[in-house]
Amino acid sequence: GLTEHKILYLFCDGIYLRLRPEDEKAVAVLCAYGIREDGKKVLLHLALGDKESTVCWKSFFQDLKHRGLVEPLLVILDGHSGLRKAVRDCFPGSWVQRCQVHGMRNILCKLPEKARPGIKKLIQKAFTAQSHKTGLERAQAVVAMYEQEYPEAMKCLATDLEEVLTTLRFPDT
């Protein structure tokens, strides 16, 4: 069981794969791995899902809990709404961290090529700030600076701002 692992950080994502060469459609493979208290990375679970729905993710998490997973300190996820809702329902005491790589990718794809390098640097400064307050201020300044010129990209940054900066609430160890 999973009771022997004290999982602090739970990483969740769905990947789409064609399981056999003759398959026409890719299927969702739900994946979770954790980082234990001792820093060791552990693959916890893989499961097929008909899609990345809240129902599929809830079933996935219920299986993990049934096998002994204790609510983690932090759950790291992409921006998928089904996954986010399932995490909130199944792990209400856990902090949620929006994956910064997914977040950055979503923002950059909404910007013209010429604007990407400069804005990416500014956002990275927010993501790597020394405190949550500073990170939030830096990100809000980027939004204010560019929301007229690039409204879709800045809406994307502003929407997930709290979750994308969650790790800045934790002490630097």
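Me: Which residues form one aromatic cluster with W57?

Reply: F60, F61 and F91 join W57 in one aromatic cluster. This is a predicted model, in which local features need pLDDT of at least 70 and side-chain atom pairs count only at pLDDT 80 or more, while totals for chains, interfaces and linings use all residues. Residues are numbered from 1 along each chain as its sequence is written, and side-chain values use heavy atoms, with hydrogens and water left out.

Me: How many aromatic pairs does a search of the whole structure find?

Reply: The search finds seven. One of them joins F60 and F61.

Me: Why is the pair of F60 and F61 called edge-to-face?

Reply: Rings of Phe, Tyr and Trp (its six-membered ring) pair if their centres lie within 6.5 Å. Planes under 30 degrees apart are stacked, over 60 edge-to-face, and the rest tilted. The centres of F60 and F61 are 5.8 Å apart, so they pair. Their planes make 70°, so the pair is edge-to-face. F60 and F61 are both buried.

Me: What makes K41 a charge over the ring of Y33?

Reply: NZ of Lys or CZ of Arg must be within 6 Å of the ring centre and within 35 degrees of the ring normal. The charged end of K41 is 4.5 Å from the centre of the Y33 ring and sits over it.

Me: Why is strand β2 described as largely enclosed?

Reply: Eight of its 10 residues, in the run 27-36, are buried, so the rest of the structure largely encloses β2. Buried means under 20% relative accessible area, exposed over 50%, and partly exposed in between (1.4 Å probe, protein chains only). Strands are DSSP runs of E, at least two residues, and helices are runs of H or I, at least four, numbered from the N terminus.

Me: How do you know that β2 pairs with β1 and with β3?

Reply: Two strands pair if DSSP finds at least two bridges between them. β1 (residues 7-17) and β2 share 10 bridges and run antiparallel. β2 and β3 (residues 41-49) share eight, also antiparallel. Both counts meet the cut-off, so both are pairs. I15 faces V29 in β2. C31 faces L46 in β3.

Me: What lies between β2 and β3 in their hairpin?

Reply: Four residues lie between them. In the turn, G39 has a positive phi of about 90°.

Me: What makes the pairing of the five-stranded sheet mixed?

Reply: The order is β3-β2-β1-β4-β5, in an open sheet. β1 and β2 run antiparallel. β1 and β4 run parallel, joined by three bridges. β4 and β5 are parallel too, over four bridges. In the register, L74 of β4 stands opposite Y9, and opposite W95 in β5.

Me: Why are β3 and β5 the edges of the sheet?

Reply: Each has a single partner strand, so one side of each lacks a neighbour in the sheet. Neighbouring strands are turned by 20° against each other on average, direction ignored.

Me: Which strands does helix α2 touch?

Reply: Helix α2 (residues 81-90) packs on the sheet and touches β1, β4 (74-77) and β5. Contact means heavy atoms within 4.5 Å. The direction of α2 makes about 170° with that of β4. Axes are lines fitted to C-alpha atoms, for helices over the stretch in contact, and angles run from 0 to 180 degrees between N-to-C directions.

Me: Which way do the side chains of β4 point?

Reply: L74 and I76 point one way, V75 and L77 the other, and all are buried.

Me: Why is the contact between D38 and R36 called a salt bridge?

Reply: A salt bridge needs a side-chain nitrogen of Lys or Arg within 4 Å of a carboxyl oxygen of Asp or Glu. D38 and R36 meet at 2.4 Å, N to O, so they qualify. D38 is exposed at 53%, whereas R36 counts as buried at 19%.

Me: What makes D63 and R67 a salt bridge?

Reply: Their N to O distance is 3.7 Å, so the 4 Å limit is met. D63 is partly exposed at 29%, and R67 is partly exposed at 30%.

Me: How far apart are K85 and D89 in helix α2?

Reply: They are four residues apart, so about one helical turn separates them. Their side chains form a salt bridge at 3.0 Å, N to O. K85 is partly exposed at 45%, as is D89 at 36%.

Me: Which residues are linked in a network of salt bridges?

Reply: R84, R88, R98, D160 and E163 are linked. The whole structure has 13 salt bridges.
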